[in-house]
Amino acid sequence: QLQLVQSGGGLVQPGGSLRLSCTASGFSLGDYAVGWFRRAPGKEREEILCTNSSDVTTYYVDFVKGRFAISRDNAKNTVYLQMNSLNTDDTAIYYCAANGGLGYCPNEYDYWGQGIQVTVSS
């Protein structure tokens, strides 16, 4: 089946770091643009950043610039979201999503991960 599976979430203290994984099955993720979304408590899901098939990142919100970065390991068919200098406002469920065939970040995505909880707390 064509799907994305996420891992790497959990509980961290303010100022800490996490790396989220998004692994594809049934297709080659290296040919796809990958977006990262999050849904904070009581809020709607929003896209925060995206990487295209050439690994150029677009940031959609200011408060993750300089702290979050996307990377790929094509041998593992995986895209990573590295999150540094985390604060309590980063607490949310994080989702990855993918769309292929184009060298830019799309408006809609074909495949979605299941979502994973990130909690930042003392």
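I take a residue as buried when its relative accessible area is under 20%. By that cut-off tyrosine 109 is buried, because its relative accessible area is 10%. The model I am reading is a predicted one.

**Entry: aromatic pairs**

I searched the whole structure for aromatic pairs and found six. I noted the pair of phenylalanine 27 and tyrosine 111, which is stacked, with 4.8 Å from centre to centre and 25° between the planes. I then looked up where the two partners lie along the chain. Phenylalanine 27 belongs to the loop between strand E3 (18–25) and strand E4 (32–39), while tyrosine 111 belongs to strand E10 (residues 111–112). The pair thus links distant parts of the chain, 84 residues apart. I recorded phenylalanine 27 as buried, at a relative accessible area of 10%.

I turned next to phenylalanine 37 and tyrosine 109. Their ring centres are 5.6 Å apart and their planes stand at 85°, so I entered the pair as edge-to-face. Phenylalanine 37 is in strand E4 and tyrosine 109 in the loop between E9 and E10, so this pair ties together parts that are 72 residues apart in sequence. Phenylalanine 37 is buried, with a relative accessible area of 10%, and tyrosine 109 is buried with a relative accessible area of 10%.

I also checked whether ring pairs join up. Phe27, Tyr32 and Tyr111 are linked by ring pairs into a cluster.

**Entry: charges over rings**

Which ring lies under the charged end of arginine 19? I found that of tyrosine 80, with the charged end 4.0 Å from the ring centre. I made a second note for arginine 45, which lies over the face of tryptophan 112 at 4.2 Å from the ring centre.

**Entry: salt bridges**

I counted the salt bridges in the structure and obtained four.

I began with aspartate 55 and arginine 72, whose closest N and O atoms are 2.6 Å apart in their salt bridge. Aspartate 55 is in the loop between strand E5 (46–51) and strand E6 (57–59), and arginine 72 is in strand E7 (residues 68–73), so the pair ties together parts 17 residues apart in sequence. Is each partner buried or exposed? I read aspartate 55 as partly exposed, with a relative accessible area of 47%, and arginine 72 as buried, at 18% relative accessibility.

I then took lysine 65 and aspartate 62, which form a salt bridge with their closest N and O atoms 3.4 Å apart. Lysine 65 is partly exposed at 47% relative accessibility, whereas aspartate 62 is exposed, with a relative accessible area of 61%.

I next noted the salt bridge of arginine 67 with aspartate 90, where the closest N and O atoms are 2.7 Å apart. Arginine 67 lies in the loop between E6 and E7, and aspartate 90 in the loop between strand E8 (78–83) and strand E9 (92–100), so the pair ties together parts that are 23 residues apart in sequence. I recorded both arginine 67 and aspartate 90 as buried. Following shared partners, I found that salt bridges join Arg38, Arg67 and Asp90 into one network.

**Entry: two residues of strand E8**

I looked up threonine 78 and placed it in strand E8. Threonine 78 is buried, with a relative accessible area of 5%. What does the side chain of threonine 78 meet in a polar contact? I found the side chain of threonine 23, at 2.8 Å. Leaving out residues up to four places away in sequence, I listed Ser21, Cys22, Thr23, Leu29, Ser71, Arg72 and Asp73 as touched by threonine 78. Arg72 in that list is also the salt-bridge partner of aspartate 55.

I then looked up glutamine 82, which is in strand E8 and is partly exposed, with a relative accessible area of 27%. Its side chain is joined to that of asparagine 84 by a polar contact of 3.0 Å. Beyond neighbours within four places in sequence, I found glutamine 82 in contact with Ser17, Leu18, Arg19, Arg67, Phe68 and Ala69. Among these contacts, Arg19 is the residue whose charged end sits over the ring of tyrosine 80, and Arg67 is the residue in a salt bridge with aspartate 90. I also took the C-alpha to C-alpha distance from glutamine 82 to serine 21, which is 8.9 Å in space for a separation of 61 residues in sequence.

Key
Residues numbered from 1 in each chain as written. Predicted model: local features only at pLDDT ≥ 70, side-chain atom pairs only at ≥ 80, totals over all residues. Heavy atoms only, no water. Salt bridge = Lys/Arg side-chain N within 4 Å of Asp/Glu carboxyl O. Helix = DSSP H or I, 4+ residues; strand = E, 2+ residues; numbered from the N terminus. Buried < 20%, exposed > 50% of the residue type's maximum accessible area, 1.4 Å probe, protein only. Contact = heavy atoms within 4.5 Å. Polar contact = N/O pair within 3.5 Å; in protein donor to acceptor, adjacent residues only side chain to side chain. Phe/Tyr/Trp six-rings, centres within 6.5 Å; stacked < 30°, edge-to-face > 60°. Lys NZ or Arg CZ within 6 Å of the ring centre and 35° of its normal.
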